[in-house]
Amino acid sequence: MSVIERIKKLFSLPEELILPDVKNNLKDGVKVKDLKLKNRYKTNLIKKTCECPEYIKYQHDNYRKNDIRRMCKHLLTLYKECIDFSEASEINKTIINNGYSVRGNFILILLKNEDEEINVGITYNRDNSWIDIFAPDDKKKYRRYGYNIDELIWAKKEKPNLIYKELEEYIQRNI
């Protein structure tokens with residue numbers, strides 16, 4: 001592999017982080033309502049920017065425009081109305097449909113459980129002991145789970161039963 005190829009590979013995004021481009025002619029500055037806080041935030045889906053506190057605090061603008069980590073929940077709300085993401089992975093569909101913002105570090109792993117392999121997404125920040133895990137539930141539908149890496153507990157005592165033991169082992173070894 002040449003130096004150029006190695007550099008391209010180093011700076012390329014994993015497929016799970018890539019979003020399709022917005023092709024609609026959207027107006028600059030669409031305001032999206034935050035359902036919990038009743039606030040409205042100015043967003044721009046073309047530039048992938050938002051004026052909400054989360055977008056600013058977690059520096060979402062540090063990521064490339066086609067990187068899912070750039071999106072806060074307000075941008076994801078607009079995004080899912082404008083883009084056909086039917087071909088997206090189950091993890092990305094779960095993130096987009098539910099408006100989950102993705103933390104700075106994103107790991108995609110493949111875990112084996114008995115006779116099947118399961119894709120799992122893990123997202124976290126080094127300054128927070130809680131991590132988000134995107135994995136299938138008992139009905140094999142992807143959802144988000146929370147796990148505390150300091151206390152070794154699952155949020156709301158909910159865990160991905162199909163692979164939680166393998167996942168806990170992976171997290172304790174690698175995160």
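Helix α3 (residues 73-82) packs against helix α4 (residues 90-98) at an angle of about 110°, and their axes lie 7 Å apart. The two helices, α3 and α4, are therefore roughly perpendicular to each other. On the α3 side, the contact is made by Leu-76, Tyr-79 and Lys-80, while α4 contributes Ile-95, Ile-96 and Asn-97. Please keep in mind as you look around that this is a predicted model.

Let us move on to the strands. Strand β4 (residues 105-113) pairs with strand β5 (residues 116-124) in the antiparallel sense, over nine bridges. Within this pairing, Leu-110 stands opposite Asn-119 in β5. The hairpin of β4 and β5 has two residues between the strands, and Glu-114 takes a positive phi near 50° there.

Next come the aromatic rings. Searching the whole structure turns up three aromatic pairs. One of the pairs is formed by Tyr-145 and Trp-154, which meet edge-to-face, with 6.4 Å centre to centre and 80° between the planes. Both Tyr-145 and Trp-154 are buried. Ring pairs also bring in Tyr-147, linking Tyr-145, Tyr-147 and Trp-154 into a cluster.

Tyr-145 has a further partner, as Arg-143 lies over the face of its ring. Lys-159 is placed over the face of Tyr-164. Here are the two arrangements with their distances:

| Charged residue | Ring | Distance from the ring centre |
|---|---|---|
| Arg-143 | Tyr-145 | 4.2 Å |
| Lys-159 | Tyr-164 | 4.0 Å |

Tyr-145 is thus a good place to start browsing: Trp-154 pairs with its ring edge-to-face, and Arg-143 lies over its face.

Technical notes
Residues are numbered from 1 along each chain as its sequence is written. This is a predicted model: local features need pLDDT of at least 70, side-chain atom pairs count only at pLDDT 80 or more; totals for chains, interfaces and linings use all residues. Side-chain values use heavy atoms; hydrogens and water are left out. Rings of Phe, Tyr and Trp (its six-membered ring) pair if their centres lie within 6.5 Å; planes under 30 degrees apart count as stacked, over 60 as edge-to-face and the rest as tilted. Buried means under 20% relative accessible area, exposed over 50%, partly exposed in between (1.4 Å probe, protein chains only). A charge sits over a ring if NZ of Lys or CZ of Arg is within 6 Å of the ring centre and within 35 degrees of the ring normal. Two strands pair if DSSP finds at least two bridges between them. Helices (H or I, at least four residues) and strands (E, at least two) are DSSP runs, numbered from the N terminus. Axes are lines fitted to C-alpha atoms, for helices over the stretch in contact, and angles run from 0 to 180 degrees between N-to-C directions. Angles under 35 degrees count as roughly parallel, over 145 as roughly antiparallel, 65 to 115 as roughly perpendicular and the rest as oblique. Contact means heavy atoms within 4.5 Å.
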